[in-house]
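Work through the exercises below with the sequence and the structure at hand. Try each task before reading its solution.

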Amino acid sequence: MLRVRRRSPVFYQNVWGFAFAVPALLLLIVFSVYPVLNALYIGFTSWSLSGTPEFIGLDNYITMFVRDPEFLRSLRTTAIYAVGLNPIMWAIALALALLFNQEMRMRGVFRTIFFTPVVVSWVVASMVWYLIFHRSFGLNAHIMRFFGQPGIKLLEDSQYALLAIIVLSLWKSMGYYMVLFLAGLQNISRVFYEAADVDGANSWQRFWHITLPLLMPATLFVMVISIINSFQVFTPIYLLTRGGPHGATRVLPMLIYENAFLFLKMGYASAMAMILFVILMALTLLQLRVFRSDVG
C-alpha cells in the first residue's frame, strides 16, 4: 500500500498566509504596479486620450530636456519649493516634538491644536489661506490697512506666490512630522539621560549626543516622506494660483496635469511623470545610503 505523506502544520500555515495575502497582492498589482508599467509604456508614445497610442521612442524625453524650457523651469520651481519648505519644517516639527515631550500642563491640548491642520483637507486649507492671503478682503489686507498700506499681492506677484504656498504647506504639514518626531522621542529610554545627568552633561550635550543619534530612524523617515510629498504638491497650487503668476508656481505635477488634461498630450505627460518617479527614487536611495550607518 502507498503511504500518504502528511503535510506539516507549518505548510498549511504558509498556504493560509499566502491565501490571505493574495487580495492585497492583487490590489498592489492592479492599482500600483500596472499603472506604473503602463505609464512607462505610454511615455514612449504620442497619445491624445483618443485613438491608439503611436510609438515614438525617446522623442518625449528629448523634447523635455532639449526643446521644452518650461519643463526645466518647473523642475527648478519644484526644487526651490522643496528646499524652501523642508528644512524649516523639519526644524519646527522637531522643536515642537521636543517641547511637547516634556511634562507640561495642557500638553495634550497643545498637541491637538498643532496636529489639527493635518486632518483638514487640502481643499479646505487652501480656501482658508486664500482668505488670509487675499489683498482686498483677507487678513493680509486688514493688517496692511492697519499700517495705512494697501494689501500685498501675495498670490498675484511672482516674487511672493511660491513663498505663500510654502507658508501654507508648512502650516498644513508640520503637525504630522511633529507626531513622527514625538513617537521617536518617546522610544528613547530614559536610562541614557539619567546616565548623562550622572556624568554632568548639560542640555545641549544630551540633545547632541543622545537625542539626535537615537532619533535618526525617525528623522530618516521624516526626511524621505516629506521630500516625496513636497515633490508631489498639486492641490494648493491648482486652487490658489493655477501655476501662476507667469509660471512662478508651476511645479512639475502642475505641468504634468496641464499637458495631460488641458493639452491632451498624455504620452508627454507620462514621460514627465516617469522623470518625477526617477527623481524621487534617486533622492530616496541617496538618503538611505547617506544615513544607513547612522540608522543601523
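**Exercise 1.** Find where Leu49 lies, and state its phi and its exposure.

*Solution.* Step 1: Leu49 sits in the loop between strand E1 (45-46) and strand E2 (54-55); helices (H or I, at least four residues) and strands (E, at least two) are DSSP runs, numbered from the N terminus. Step 2: its phi is positive, about 70°, although Leu49 is not a glycine. Step 3: Leu49 counts as partly exposed because its relative accessibility is 38%; buried means under 20% relative accessible area, exposed over 50%, and partly exposed in between (1.4 Å probe, protein chains only).

The model is predicted: local features need pLDDT of at least 70, side-chain atom pairs count only at pLDDT 80 or more, and totals for chains, interfaces and linings use all residues. Residues are numbered from 1 along each chain as its sequence is written, and side-chain values use heavy atoms, with hydrogens and water left out.

**Exercise 2.** Describe the loop between H11 and helix H12 (252-262) at Pro245 and at His246.

*Solution.* Step 1: Pro245 is in this loop, and a cis peptide bond with omega of about -5° joins Gly244 to Pro245. Step 2: His246 is in the loop between H11 and H12 as well. Step 3: His246 is not a glycine, yet has a positive phi of about 55°. Step 4: with a relative accessible area of 69%, His246 is exposed.

**Exercise 3.** Which residues of helix H6 (residues 139-146) are buried, and how are they arranged?

*Solution.* Step 1: the buried residues of H6 are Asn140, Ala141 and Met144. Step 2: they lie on the same side of H6, because they cover an arc of only 95° around the axis; the arc is that of the directions from the helix axis to the C-beta atoms. Step 3: their cover includes helix H5 (122-133). Step 4: just after H6, Gly148 has a positive phi of about 75°.

**Exercise 4.** Describe the largest nonpolar core and the contacts of Phe181.

*Solution.* Step 1: a nonpolar core is a set of buried Ala, Val, Leu, Ile, Met, Phe, Trp, Tyr and Cys residues joined through side-chain atoms within 4.5 Å. Step 2: the largest has 40 residues, and Tyr81 and Phe181 have the most contacts inside it. Step 3: helix H7 (161-186) is among the helices that each supply at least two residues of this core, and H7 gives the most, 13 residues. Step 4: leaving aside neighbours within four places in sequence, Phe181 is in contact (heavy atoms within 4.5 Å) with Trp90, Ala93, Leu94, Ala97, Leu215, Thr219 and Val222.
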